[in-house]
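Let's take a walk through this fold together, starting with the overall layout and ending at a single side of one helix. Keep the viewer open as you read.

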Amino acid sequence: NYDEFTDKVIDHFMCPRNVGSMINPDGVGRFGEPGCGDSLDIYIKVKDNVIEEISFLVFGCVAAVATSSMTTVLAKGKTLEEALKITNHDIADALDGLPENKLHCSVLGANALKNAIDDYYRRTSQVSE
Ligand code: FES
């Protein structure tokens, strides 16, 4: 029953953007929702401080798939600083909203993205040491 979801949520669930793992990513971020056990991995490639490529693999509910997809759409082409400012509410808003009891699913995207960027910062500072 998809009645509770907006058309955009259904669209991103049925046809998720940027799905898949990535060969030689510059950063990988994982975030798992302890409450439901769902989990998201985000992969990024960074060039000149901009997220040039991004993809994801998720194990989760309808809203987790849709919000993960939207996270990658919002983050692609952004600078790392801009991408770090993406909140779970931005992700939900870009999907025209989520049911109240599904808002927590959008936390996966925001947090996995932050973890991927942190991973990138970690890796690059290791290289320059
Ligand atoms: Fe777990 Fe949606 S119910 S992320």
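Helices here are DSSP runs of H or I with at least four residues, and strands are E runs of at least two, numbered from the N terminus. On that basis the chain has 5 helices and 3 strands. Please bear in mind that this is a predicted model. Following the sequence, you meet the elements in the pattern α-β-β-β-α-α-α-α.

How does the overall size compare with a compact globule? For 129 residues, such a globule would have a radius of gyration near 14 Å, and the chain's value of 14 Å agrees with that. The C-alpha trace spans about 50 × 25 × 25 Å along its principal axes. Buried residues account for 35% of the 129 residues. Looking at contacts between residues at least 6 apart in sequence, 63% of them join residues at least 24 apart.

Now turn to the strands. The 3 strands make an open sheet, ordered β1-β2-β3, with antiparallel pairing. Because β1 (27-32) and β3 stand at the edges, each has a single partner strand and one side without a neighbour in the sheet. On average, and ignoring direction, neighbouring strands are turned by 20 degrees against each other. The antiparallel pairing of β1 with β2 runs over 6 bridges, and Gly-29 stands opposite Ile-42 in β2. Helix α2 packs on this sheet, where it touches β2 and β3, and its direction makes about 175 degrees with that of β3.

Ile-42 also leads us to the interior. The largest nonpolar core has 32 residues, and those touching the most other members are Ile-42, Ile-44, Leu-113 and Ala-116. At least two core residues come from each of α1 (7-14), β2 (39-47), β3 (50-59), α2 (62-75), α4 (88-94) and α5 (106-128). Of these, α5 gives the most, with 8 residues. Ile-44 shows how these parts meet: setting aside neighbours within four places in sequence, its contacts include Pro-25, Gly-27, Ile-51, Ile-54, Ala-116 and Tyr-120.

Finally, stay on helix α5 and find Lys-114. Is Lys-114 buried, partly exposed or exposed? A residue needs 20 or more C-beta neighbours within 10 Å to be buried, and 12 or fewer to be exposed; Lys-114 has 16, so it counts as partly exposed. Beyond residues up to four places away in sequence, Lys-114 touches Gly-29 and Leu-84. Its C-alpha lies 13 Å from that of Lys-76, a residue 38 places apart from Lys-114 in sequence.

How values were computed: Residues numbered from 1 in each chain as written. Predicted model: local features only at pLDDT ≥ 70, side-chain atom pairs only at ≥ 80, totals over all residues. Rg over C-alpha atoms; globule rule 2.2 N^0.38 Å. Contact = placed C-beta atoms within 7 Å. Core = buried A, V, L, I, M, F, W, Y, C linked by C-beta atoms within 7 Å. Pairing = 2+ DSSP bridges. Axes fitted to C-alpha atoms, helices over the stretch in contact; angles between N-to-C directions.
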